[in-house]
Amino acid sequence: MRRPGAGRRVARPLVAGLLAFQVLCGCGAVGLPGGGPDAEHRSVTALLDRWAKALRDRDERAFLSVVDPDAEGFRTEQRALFANLAAVPLASWDYRLVRTGGFVPSGGDGHRVAAEAELRYRLADYDTVPVTTTARFTVVRKDDQWYVAAEDTRHGPRQLWQQGPVTAVRGAHSLVLGVGQDQARLKALADLADSAVPAVSTAWGSGRTAPGTAPPKSGATAAAGAAARRGGDWPGRVVVEMPASVDRMAELLDSPVANYRGIAAVTTGEVGGSGNAPADRIIVNPEAYGTLGDFGRRVVLTHETAHVATRSLTSAATPLWLSEGFADWTAYRGTGRTAAQAAPELARAVAEGKPPKDLPADADFGFAGEQGRLARAYEEGWLACRMIAERWGEAKLVAFYRAVGGHQRRPGAVAAALHQVLGVSEDGFTQRWRAYVASRFG
């Protein structure tokens with residue numbers, strides 16, 4: 001790949017695995033002797049509420065009192081989990097029971113049933129709304145007392161604290177959480193993140209008052225204007241997670257490990273301009289990141305931080321060449337790197353008489369694709385954004401990004417934003433970009 005830091009942002013599903021739940025439990029709610037489905041639901045809800053409160057209160061005794069006393073292995077796991085979370089600054093931790101259903105076969109005593117819940121948690125000072133993930137438990141009733149007896153962690157992404165004791169390092173603009181990493185390495189990561197945040201704020205803030213940009217009118221352009229106003233003030237802070245290995249990174253992302261072996265970091269989060277999505281997480285691959293020098297690490301952290309800043313203005317209408325190109329433009333901004341230095345794969349292709357004809361498609365950014373093509377896709381997107389910044393100005397580049405993201409659908413979004421913000425057609429822009437690429441490697 002061009003460089004191990006060109007990590008594509010990924011979206012983490014909020015609630016998934018209904019099919020797996022149905023396979024585990026069977027379909028439909030099933031009541032237990034002595035009460036119907038409603039009574040069962042209320043009892044399990046109360047159980048999970050007590051469990052969550054004990055964790056919020058950091059009350060280990062109360063936390064373990066909810067766990068089946070006969071499930072020795074699970075109690076050991078939960079005792080370790082409680083300890084793993086000790087350094088994590090939680091502002092909230094709650095469960096919302098989604099459903100209970102079919103009896104779970106067991107050779108032990110008591111009536112067992114599967115339960116699916118949403119776990120919602122917030123990190124203090126960093127998450128404005130809860131991060132939501134799915135949790136699946138086996139609960140058991142013994143002598144009219146309910147307990148949590150097991151958790152099914154086979155489906156969906158893992159959480160960092162499920163991988164071991166978490167070490168937390170707070171920076172001026174960052175919170176770094178690590179497992180299996182020493183304090184010094186996490187402190188160095190926090191220092192780089194602290195440098196990335198103001199760099200990104202400067203670049204992203206340059207488009208708040210783009211000169212010569214017509215005010216939005218109605219329809220999609222009005223949506224773009226509203227989105228731009230929302231996106232001007234991002235929180236200016238990031239959460240970075242560094243697991244123990246690339247294999248553990250893949251667990252956090254619920255994706256094959258092969259996708260990340262050459263990637264130094266990725267950003268997770270919901271894209272879209274609703275303003276209700278939780279804060280992103282920058283997930284660092286300790287192995288690929290460790291091969292980089294100081295400059296490469298700075299580029300990686302700034303690139304990923306740019307995704308955090310622009311997330312609320314990144315929508316289904318935003319092509320990857322723009323979102324990734326803008327993140328690279330932000331990362332290289334002010335570094336003095338030439339096109340040949342920052343885009344070696346594209347320089348090689350041009351030298352071989354194979355210049356690009358069109359801006360890269362989303363498919364060109366696939367992790368599993370041919371490595372040279374992936375690197376060129378990032379480089380081509382970067383040069384497109386760099387061209388806009390040089391020929392129209394940085395403020396217009398940011399305004400263009402916001403205008404594209406203000407659309408809800410891809411068709412016509414780029415063309416409309418090019419016309420509105422830059423005063424050029426899509427074909428005209430592509431022709432200028434081809435000439436710009438040729439001039440930089442001529």
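The legends below describe close-up views of a predicted model.

Residues are numbered from 1 along each chain as its sequence is written, and side-chain values use heavy atoms, with hydrogens and water left out. Because the model is predicted, local features need pLDDT of at least 70 and side-chain atom pairs count only at pLDDT 80 or more, while totals for chains, interfaces and linings use all residues.

**View 1. An open sheet of five strands, with mixed pairing, follows the order S5-S6-S7-S9-S8.** Helices (H or I, at least four residues) and strands (E, at least two) are DSSP runs, numbered from the N terminus; two strands pair if DSSP finds at least two bridges between them. Strands S5 (167-170) and S8 (265-268) stand at the edges, each with a single partner strand, so one side of each is left without a neighbour in the sheet. Direction ignored, neighbouring strands of this sheet are turned by 20 degrees against each other on average.

**View 2. Strands S6 (residues 174-178) and S7 (residues 238-242) pair in the parallel sense over five bridges.** Leu-177 stands opposite Glu-241 in S7. Helix H9 (residues 294-310) packs on the sheet and touches S7, S8 and strand S9 (281-284), where contact means heavy atoms within 4.5 Å. The direction of H9 makes about 10 degrees with that of S8; axes are lines fitted to C-alpha atoms, for helices over the stretch in contact, and angles run from 0 to 180 degrees between N-to-C directions.

**View 3. Helices H10 (residues 320-332) and H14 (residues 394-405) pack at an angle of about 150 degrees, with their axes 11 Å apart.** The two helices are therefore roughly antiparallel to each other, a term for angles over 145 degrees. Among the contact residues are Trp-321, Phe-326 and Trp-329 of H10 and Leu-397, Phe-400 and Tyr-401 of H14.

**View 4. Helix H16 (residues 426-440) holds the buried residues Gly-428, Phe-429, Thr-430, Trp-433, Tyr-436 and Val-437.** Buried means under 20% relative accessible area (1.4 Å probe, protein chains only). Thr-430 counts as buried because its relative accessibility is 11%. Leaving aside residues up to four places away in sequence, Thr-430 touches Lys-357, Asp-358 and Leu-359.

**View 5. Strand S2 (residues 111-123) is mostly covered, ten of its 13 residues being buried.** S2 and strand S3 (residues 131-142) run antiparallel and are joined by eleven bridges. His-111 has Arg-141 as its bridge partner in S3.

Technical notes
Buried < 20%, exposed > 50% of the residue type's maximum accessible area, 1.4 Å probe, protein only. Parallel < 35°, antiparallel > 145°, perpendicular 65-115°, else oblique.
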